[in-house]
Amino acid sequence: MSTKLNVLTHVMVPDHQLMSEEEVSALLSRYHITTDQLPKIYHDDPAVKAIDAKVDDVIRIIRKSHTAGRAEAYRLVIRRPKK
Amino acid sequence: MPSPKRIGKIEFGLLSPKEIREMSVRKIIWADTYDDDGFPYPQGLMDLNLGVIDPGLRCKTCDQKASDCPGHFGHIELAKPVIHVGYTRLIRKLLRVTCRSCGRVLLSPDEIEKVVGTDEDSTGDQISEKDVKKERVCPYCGEQQLKINFEKPTTFSEVMVEEGKKVEHKLTPADIRARLEKIPDEDLIPLGINPKVARPEWTILTVLPVPPVTMRPSIILENGQRSEDDLTHKLVDIIRINQRFKENQDAGAPQLIIEDLWELLQYHVTTYLDNEVAGCPPARHRSGRPLKTLSQRLKGKDGRFRGSLSGKRVNFSSRTVISPDPNLSVSEVGVPRAVANEMTVPVRVTPYNIEELRQIVRTGPVRPNVGAPCGANYVIRPDNRRLRLGADNLETVADMIEPGYTVERQLRDGDVVLFNRQPSLHRMSIMSHRVKVMEGRTFRLNPAVCPPYNADFDGDEMNMHVPQTEEARAEASMLCSVQENILSPRFGGPIIGGIHDHISGIFMLTHLVRWFNKEETLYLLKPVKIEHMPPAGKTEDGVEYWSNKQVFSQILPAALNMVFKASSCQNCDTCKKELCDRDAYVRIFDGKLESGTIDKKAIGAFDGQIVNRIIRQYGMKRAAEFIDQVTKLSIRGIMIDGFSFGIDDEDLSKTEYGQIDDVLKNAALDVNRRIKIYEDGQLEPMPGRTVEETLEMQIMQVLGKARDQTGQIAGRHLGLGNSAVVMAVSGARGSMLNLTQMAGCIGQQSVRGERIVRGYDDRTLPHFKKGDRGADAHGFIAHSYKGGLNPTEFFFHAIGGREGLVDTAVRTSQSGYLQRRMINALQDLKVAYDGTVRTTGGRIIQFQYGEDSTDPTKSAFGDPVDVKGIVEAVLKEEV
């Protein structure tokens, strides 16, 4: 009966995109970092589940910004520690 | 400097009895401290092996003097084991999760794995009390478990069922220790204990370390008596009881006495460790003051962590009351001579300054008046010996100095100092100023720098620090100077600018058009460094006159162009621009004030449009100059007419009082009419509201409108000739609402945004009938502050006022704590060269600082670029 809610369609949820391997390596070399220096997001985050990202994937989040109009952020998907 | 090292791991463990004995240099057996000759007893609490505090004696362990010996631990052998209060929680957990007979954890390997996980896939969790069900059977030996009761502070007991009744059987520390000993090492790991560094039985003390005397020094009072440290007192108690316990034990005393003594020993060891344990009366000094024992030394604001380690104390600082001096520059600070004579700057002697420094040394430590050259208090020889300068050695020392010496010179005019007012909530709370030595006993500062410090002169005190190195002085003057901090990073506008009388003064000076003759013009422009008088604005009967706008234009940069609305602007539907009745349309064309009044919007702290524009176009230095000049000009401006405010400034005429009475009377009638409608059940509720709420809202509205009307009536009578109106219109202080309340009507008092309803049954005060919903009965004050309140009004006013006070008190404490947490979270973040915000470990917090890489200090009130301002400056007209 119930239709599954797609969180990504909610107005307050910013756009989440799964990044390809090339994009990730470009990102890492742009900032001269390794993946563990990226901000993190848990694997069971509803938006992460919605775009079907797995642990160790990197996702791009595009938000509306008060200051810049549009802002991109990147997060590394990690496993949520139990409890 | 050694290179920074990364901490690999930190190990937390317990001291084993073996370790305690190994680190001990002496077994302590006597409760006495000093003998009659004042010499420490051997094997007493002040034993010379534990370190020395008396000068002249040498430590028996390390053979060092009192100043060098770090102190050494001793130990006391306890007659019977006692529980360490700090570990009662852990002991309780261990007793509850392990078997009472075999000591194994009461969970099967499968159950443990469920909680802890396997080696490859660990949950990071540990076995807790909840994982073990009550009174189960041991999966290893089959023993029936009993419920363990814990009673604060240190009593453990087992609940046994005997003949159908529950009987509590007390566990002695020795019993507990025996049970903890039985727990095998491998069972401790899932419990979160590393058995290599912390065996559980070590939480039960069998031997007590005695801290070195250096951490519990005795002090000698004026009457020659020794006064021991609280810790020593407590240790004396422990040794005494321990001794008695041993004697009784050896004599084979009855079990009851042994138990009593055991409990007493437990009490003393407990309070020695922590004198604020729940369920345990604190040990007291003879005077009745609770003793400050180990835990109390560490805990709390004045404890070792927050008070001693994180708390910083400095030399070269001073503190006194502040007072205003409008003749100082904003970047100066007036320093009392007494302070300047005491505080010093070290100067290295070089061939280039040796003569000057000789002269300074000859002057010595006493500066007779502010005009006199500075002297010096100390000279430091190349071998780091300090020579104090006094009247007797000035000449000798002056002749002695040569390159390599350092002279500690007194403060003199122009020295850079840091000036600070607590609470230091933002970076502008500490700014560097230039010293100006003055007579008197207070620090003097220009009132224009009050806003960043949030200072006033009702008794505020401020601190001054003198940087001691060239590097510190350079940083202070280039990064922290007042000039560099005019712009606030909070909103990207100037936080330093005119306040109070500066604004009233410049408003009165520049409002509409006034003409000044040459004498007046020169008086006004005296503090302004101008080289030529501008051509006169008009000549009447051969006398030259200059307009007030011309006078003000003299302090503006020559090519300044801007258009804005003054704070007296009423936001009319169609702006009359230059022809504005209130002269609120400010237009500056090529550095000349063409029209408009200068007020808070133009030069005030937080607003300061002109100040802001000068910073952007001409830089900080010119802006600081402008603030100095505008404050001085406005003070002279205000002194032409004088400015005062008194009780009779709130007087209105008979007509106005009549009108106000009418308004209030009509409002009261209107309120009553609406109450009548409500009581008749005729009131239509507003959507989403009850009838009562609707009535309340209507009444509030009617009364609010009535108060505003009285304000308008008062405002009509009081024109710009009234000081309060000048202050309100110019934005210097107060508002028209304050004026309304003084002259017209104070209006409705409220608690939580509603009319006052608390008090007695169905009424606020016994002066009213029950159920009275009228204006007077619920806190409407029809009188003005000038007219005076009647007793019920006065009481309602106090109720409303109290709410405001409570709100401020609550807000400050909450925002203070919030700020503390934010600072702790953000303090080490920095913006990297690639624009990312990172932690010290290089982890990225933000990919672009603020998402737009804009420094809020340099933004135009938040926007990255002030497009309108730039276009207007170029086109020289409003867009």
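How far apart do the C-alpha centres of domain 2 of chain B and domain 4 of chain B lie? Before measuring anything in the viewer, keep in mind that this is a predicted model. The C-alpha centres of these two domains lie 55 Å apart.

To see them in context, select chain B as a whole, which is divided into domain 1 (85-203), domain 2 (317-485), domain 3 (501-641), domain 4 (647-806) and domain 5 (830-875). Chain B has 26 helices and 30 strands. With a radius of gyration of 39 Å, well over the 29 Å that the globule rule gives for 879 residues, chain B is more spread out than a compact globule. If you turn the chain along its principal axes, its C-alpha atoms fill a box of roughly 120 × 100 × 65 Å. Of the 879 residues of chain B, 33% count as buried, and among contacts between residues at least 6 apart in sequence, 66% join residues at least 24 apart.

Next, select strands β10, β11, β12 and β13 of chain B, which form an open sheet in the order β10-β13-β11-β12, with antiparallel pairing. Look at β10 (344-348) and β12 (386-388) of chain B, which stand at the edges: each has a single partner strand, so one side of each is left without a neighbour in the sheet. From one strand to the next, the twist averages 25°.

Now select β11 (residues 376-380) of chain B together with β12(B), and you will find that the two pair in the antiparallel sense over three bridges. To follow this pairing at the level of residues, pick B:Ile380, whose bridge partner in β12(B) is B:Arg386. Add helix α11 (residues 354-363) of chain B, which packs on the sheet and touches β10, β11 and β13 (406-410) of chain B, its direction making about 60° with that of β13(B).

From there, move to helix α25 (residues 791-826) of chain B and select B:Gly801, which lies in this helix. Is B:Gly801 buried or exposed? B:Gly801 is exposed, because it has 11 other C-beta atoms within 10 Å, and a residue counts as exposed at 12 or fewer. Select B:Gln749 as well: although B:Gly801 and B:Gln749 are 52 residues apart along the chain, their C-alpha atoms are separated by 8.4 Å.

Finally, show chain A beside chain B, and select the place where they touch: 14 residues of chain B are in contact with 15 residues of chain A. On the side of chain B that touches chain A, there are two nonpolar, seven polar and five charged residues.

How values were computed
Residues are numbered from 1 along each chain as its sequence is written. Chains are lettered from A and ligands numbered from 1 in the order in which they are written. This is a predicted model: local features need pLDDT of at least 70, side-chain atom pairs count only at pLDDT 80 or more; totals for chains, interfaces and linings use all residues. Two residues are in contact if their C-beta atoms, placed from the backbone, lie within 7 Å. Ala, Val, Leu, Ile, Met, Phe, Trp, Tyr, Cys and Pro count as nonpolar, Asp, Glu, Lys and Arg as charged, and the others, Gly among them, as polar. Helices (H or I, at least four residues) and strands (E, at least two) are DSSP runs, numbered from the N terminus. A residue is buried if 20 or more other C-beta atoms lie within 10 Å of its own, exposed if 12 or fewer, and partly exposed in between; C-beta atoms are placed from the backbone. The radius of gyration is taken over C-alpha atoms; the globule rule is 2.2 Å times the number of residues to the power 0.38. Domain bounds come from an automatic or database domain assignment. Two strands pair if DSSP finds at least two bridges between them. Axes are lines fitted to C-alpha atoms, for helices over the stretch in contact, and angles run from 0 to 180 degrees between N-to-C directions.
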